Amino acid sequence: DRVAEVSKKFTAEAQAEAFIGALSERDANRNKEVRRVWQDKWRASCNKRLTELEVLLPKGSDRGRIVALNEGLERLAREMRRFEIVCSHNVRHEEKVRRIAKTYIEDAQIVFATLSGAATVTGPTSGNHRSTPEDRLFETVVIDEAAQATEPACLIPLVLGALRCLLVGDPQQLPATVFTNGGSGIAYSQSLLERMCRAGKRVSLLTVQYRMHPAISQFPSKHFYQSRVIDDTSVQGVGRVKPYHDKTYAPRFGPYVFIDVLDGQEKRSTSDPSVFNSQEADLAVRIYKALKQQFPSDGMFVKGAGSLGFGVITPYKRQMHHLRSAFRQAG
């Protein structure tokens, strides 16, 4: 939530709100003065760039600077469009925000959006057919985690008329979560990336992994990637050897271990459908305390710049609350 709050100011809508706010005063006289000052500054910026272009164009030199000046004039033209929208009468605030936000999208070289959110990214022309360079907003669409998106969802950003689409993901991992299989013969959970792979399209496999302990990466590399995925040197060697990986502590604290919590029971409350398991939460606390007691100088427990931290992952919100409660009670 904290990251989301910080990033909100960079959205097109937030920039539109800020632009409107900077040119809107409750007092009519003050409002008129603010807008007059803005126009004076805008006019001065235009004149400065035009004057420099008049000097550079006849010489034909410094093409990079000429391009930069032209791009600056295009941005100023969009600034004036925003100003005109702010000053327009009989237009609701929400509509002003929408129109101005669109100009910020046109201004950007990179736009981040969800697949469904891309439907709100509209260009200078109406309609969804962007076959000409003038209509095209972006040359390239990059879809991250493409294997976890349904095929129809991946089609949404493609209506922006991009020349190319890069699908980044792993069809060997979890597919999109769907709650219906559709009609007979319809593979709704199939991603566009999976379809392209099956169709024989060229695929680039990233063959070096930089995260997992080699003991963990060995299985997926062998069974899913024909042993083509190898470990980077950064996840090998002495730096990845921990004292609790020693056979003395096996099988309790190896690089990975599966534990069957015999007395554990998954439960749901009447008010919350989320799953929780109190016994598993208690076990996580016991493991943490045992590791900290036996290896207090390990990077998981030291404070400061060298601290690695200790993490417990759960897919269930209710279990997260149980874990936090269990760790608080354990001190």
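This tour visits two packed helices, a long stretch of helix and several single residues, in the order in which they may be selected. The model is a predicted one.

**Stop 1: helix α3**

Select residues 28–59, which form helix α3. The helix has 32 residues and, at 1.5 Å a residue, should span 46 Å; the C-alpha atoms at its ends are 48 Å apart, which agrees.

Next, select D27 together with N29. D27 caps the N-terminal end of α3, with a side-chain oxygen 3.3 Å from the backbone nitrogen of N29. Beyond the other end of the helix, select G60: this residue follows α3, and its phi is positive, near 70°.

Now colour the buried residues of α3, which are N31, V34, R35, W38, C46, L53 and L56. An α-helix has 3.6 residues a turn, so residues three or four places apart point the same way. To see what covers the buried residues of α3, display α2 (12–22) and α4 (63–87), which are included in that cover.

**Stop 2: helices α2 and α5**

Keep α2 in view and add helix α5, residues 93–107. Two packed helices are described by the angle between their axes and the distance between the axes. For α2 and α5, the angle is about 115° and the axes lie 8 Å apart. The crossing of α2 with α5 is right-handed.

Show the side chains on both sides of this contact. From α2, the residues are A12, E13, Q15, A16, E17, F19 and I20; from α5, they are H93, K96, V97, I100, A101, Y104 and I105. By character, the residues of this contact comprise nine nonpolar, two polar and three charged.

**Stop 3: V97 and E106 in α5**

Select V97, a residue of helix α5. Its relative accessibility is 9%, so V97 counts as buried, the limit being under 20%. Which residues does V97 touch, when those up to four places away in sequence are not counted? They are E13, A16, E17 and I20. Draw a distance between the C-alpha atoms of V97 and I20: they are separated by 7.9 Å, although the two residues are 77 residues apart along the chain.

Move along α5 to E106, which also lies in this helix. E106 is buried, with a relative accessible area of 16%. Add R81 to the selection: the side chains of E106 and R81 are joined by a polar contact of 3.1 Å.

**Stop 4: two loop residues with positive phi**

Most residues other than glycine have a negative phi, and most peptide bonds are trans. Select E145, in the loop between β1 (140–143) and α6 (151–155). E145 is not a glycine, yet its phi is positive, near 50°. Is E145 buried, partly exposed or exposed? Its relative accessible area of 43% makes E145 partly exposed.

Then select S227, in the loop between α8 (214–224) and β4 (230–231). S227 is not a glycine either, and has a positive phi of about 60°. At 46% relative accessibility, S227 counts as partly exposed.

**Stop 5: S221 in α8**

Finally, select S221, which is found in helix α8. With 7% relative accessibility, S221 counts as buried. Display its contacts, leaving aside neighbours within four places in sequence: S221 meets Q226, S227, R228 and V229. One of these contacts, S227, is the loop residue with positive phi from the previous stop.

Terms used
Residues are numbered from 1 along each chain as its sequence is written. This is a predicted model: local features need pLDDT of at least 70, side-chain atom pairs count only at pLDDT 80 or more; totals for chains, interfaces and linings use all residues. Side-chain values use heavy atoms; hydrogens and water are left out. Helices (H or I, at least four residues) and strands (E, at least two) are DSSP runs, numbered from the N terminus. The expected span of a helix is 1.5 Å times one less than its number of residues. Buried means under 20% relative accessible area, exposed over 50%, partly exposed in between (1.4 Å probe, protein chains only). Contact means heavy atoms within 4.5 Å. A polar contact is a pair of N or O atoms within 3.5 Å; within protein, one must be able to donate a hydrogen and the other to accept it, and residues adjacent in sequence count only if both atoms are side-chain atoms. Axes are lines fitted to C-alpha atoms, for helices over the stretch in contact, and angles run from 0 to 180 degrees between N-to-C directions. A crossing is left-handed if the near helix is turned anticlockwise from the far one by less than a right angle, and right-handed if clockwise. Ala, Val, Leu, Ile, Met, Phe, Trp, Tyr, Cys and Pro count as nonpolar, Asp, Glu, Lys and Arg as charged, and the others, Gly among them, as polar.
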